[in-house]
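Here are some notes to read alongside the structure. Please keep it open and find each residue as it comes up.

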Amino acid sequence: MKILVTGAAGFIGFHLCRSLLRKGHTVVGLDNINDYYDVNLKYARLNELGIVRSEAETFLNKSIGDLFNDSFQFVRMNLEDRENLPVLFNKNKFDMVCNLAAQAGVRYSIENPESYIDSNIVGFLNILECCRHNRIKHLLYASSSSVYGENKKIPFSTSDNVDHPISLYAATKKSNELMSHTYSHLYNIPTTGMRFFTVYGPWGRPDMAPMLFSEAISKGKSIKVFNNGNMSRDFTYIDDIVNGIEILLKNVPKINEMKAPYRVSNIGNGNPQSLGHFIRVIENSFGKEAKKEFLPMQAGDVPRTWADITELENLGYRSEIGIEKGVGEFVKWYQEYTNN
C-alpha cells in the first residue's frame with residue numbers, strides 16, 4: 001500500500017515508517033520539524049530513514065528522498081496548511097493515512113494552548129477533509145490515554161465515559177475522536193483512534209520521563225519525582241506500539257451500531273508499573289542510584305493509567321516487551337546516542 005505517515009520525524013512516527021518500509025509498503029512521511037523539543041533528534045531520526053538534513057531544512061512543501069527504491073519520501077509541511085496539504089493528497093493517491101502529527105505534551109498545553117488548537121484541531125480537520133475528498137480507505141490517528149482523565153474505574157476501557165478531560169491536550173484528543181466519528185458517519189470514511197499508553201524506547205522524546213531520568217542520572221543531577229512517587233503508568237515499549245498500529249491498519253473498521261465505520265482502541269502493555277519501580281529499573285541499567293527531588297502532582301497530570309487491551313488482543317495483539325528488557329534497550333540506545 002501507499003501510506004501517508006504524519007509526524008514522521010517524531011518518536012512513534014519514525015518507528016512506524018521504518019517498520020512499514022521493511023514490510024514493503026510505500027511511505028510518504030510528513031513533519032513540520034517544530035522546535036517543541038530538540039530538532040537535532042528529529043533530524044537524526046530522519047537520517048536513519050535516509051533523509052539528508054540539509055535537504056529537509058531547505059525544501060518546504062516539496063517531497064524529497066529516494067530511499068528503498070523510491071519507497072520512502074519526506075515532505076516538510078504543516079498540517080494547518082490548507083493550500084498545500086490537499087495538493088499532497090491529490091498528487092500521491094494514498095491508500096491509507098496514519099496521522100501521528102500533533103502538538104504533544106500535557107504540561108506544555110497549560111502554557112501554550114494556542115499551538116494545540118492550531119495543530120491538533122485545525123490540522124486534524126484538514127486531514128479529515130483531505131481523506132474525505134480522496135477516498136482514503138482507512139484513517140488511523142493518535143489519540144491518547146490522557147482522555148481518561150481521573151477515571152476511577154480500572155483498567156481503562158474504550159467503553160468508559162471520557163467526557164471530563166483535565167488538560168487541554170486531552171481535550172484536543174477527545175475532540176479528534178468526536179470529529180472522526182462525524183466524518184465516518186457522514187462520509188463513510190473508516191477511522192480508527194489509537195489511545196497510546198506511556199510509550200518509551202529508543203529514539204524517545206526528550207521531554208518524557210525515560211529521557212529526563214536518564215540524562216539526570218548520567219550527569220549526577222536530581223530527578224523530579226511528582227506526586228511524591230505515588231503514580232503508576234502502563235509503560236508500553238515502542239515495538240509493541242508499532243505492532244498494535246499495524247494490526248489496526250489492516251483491520252479496517254466496519255459500520256457499527258451508530259452507523260459509522262468507526263473504532264477507538266487502546267494500545268498499551270496492560271500491566272501498569274509504579275513510578276518507583278520504573279526508576280529502579282533505570283538505575284539498575286545505569287548501575288547508578290538517582291538523586292531524587294520529590295514534588296507534588298502537576299496540574300493536568302493523572303495518578304495512574306492502565307489499559308484494557310482485550311479488544312486489540314482479539315485482533316491478534318500481544319504486548320511482548322517487559323519493562324526490564326525495554327528499559328535496558330532504551331538505556332543502551334541512550335548511551336550510544338549521547339556518546340555519538
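1. This is a predicted model. A good place to begin is H15, whose side chain reaches the backbone oxygen of P202 at a distance of 2.8 Å. H15 is found in helix α1, which spans residues 11-22.

2. Is H15 buried or exposed? Its relative accessibility is 7%, so H15 counts as buried, the cut-off for that word being under 20%. Leaving aside neighbours within four places in sequence, H15 is in contact with P202, W203, I238 and V242. P202 therefore appears twice for H15, once in this contact list and once through its backbone oxygen.

3. W203 also turns up in the contacts of Y337. Y337 has its place in helix α13, residues 323-339. Apart from neighbours within four places in sequence, Y337 is in contact with N40, L41, A44 and W203. Y337 and A44 are 293 residues apart along the chain, and their C-alpha atoms are separated by 9.7 Å.

4. Why does Y337 count as partly exposed? Its relative accessibility is 27%, and partly exposed covers the range between the buried limit of 20% and the exposed limit of 50%.

5. Next, consider strand β6, residues 138-142. It is mostly covered, with 5 of its 5 residues buried. In a regular strand the side chains alternate between the two faces of the sheet. In β6, H138, L140 and A142 lie on one side, while L139 and Y141 lie on the other. Both faces of β6 are covered.

6. Which strands pair with β6? Strand β5 (residues 96-99) pairs with β6 in the parallel sense over 4 bridges, and V97 stands opposite L139. Strand β7 (residues 191-196) also pairs with β6 in the parallel sense, over 4 bridges, and M194 in β7 is the bridge partner of A142. From β6 the chain crosses through helix α8 (residues 168-187) to β7, and this β-α-β crossover is right-handed.

7. Last, the empty space. Rolling a probe the size of a water molecule over the atoms shows where empty space is left. How many cavities of 30 Å³ or more does a search of the whole structure find? There are 2, and the largest has a volume of about 50 Å³. Its lining includes F11, G201, R205, M208 and F330. The elements that give two or more residues to this lining are β8 (199-200) and α9 (209-219).

Key:
Residues are numbered from 1 along each chain as its sequence is written. This is a predicted model: local features need pLDDT of at least 70, side-chain atom pairs count only at pLDDT 80 or more; totals for chains, interfaces and linings use all residues. Side-chain values use heavy atoms; hydrogens and water are left out. Buried means under 20% relative accessible area, exposed over 50%, partly exposed in between (1.4 Å probe, protein chains only). Two strands pair if DSSP finds at least two bridges between them. A crossover is right-handed if, with the strands pointing away from the viewer, the path from the first strand over the helix to the second runs clockwise. A polar contact is a pair of N or O atoms within 3.5 Å; within protein, one must be able to donate a hydrogen and the other to accept it, and residues adjacent in sequence count only if both atoms are side-chain atoms. Contact means heavy atoms within 4.5 Å. On a 1 Å grid over the protein atoms alone, a cavity is a set of points where a 1.4 Å probe fits but cannot get out, and a pocket is an open set with protein on both sides within 12 Å along at least five of seven lines; lining residues have an atom within 4 Å of a point. Grid points are joined across faces, edges and corners, and a volume is the space filled by probe spheres set on the points.
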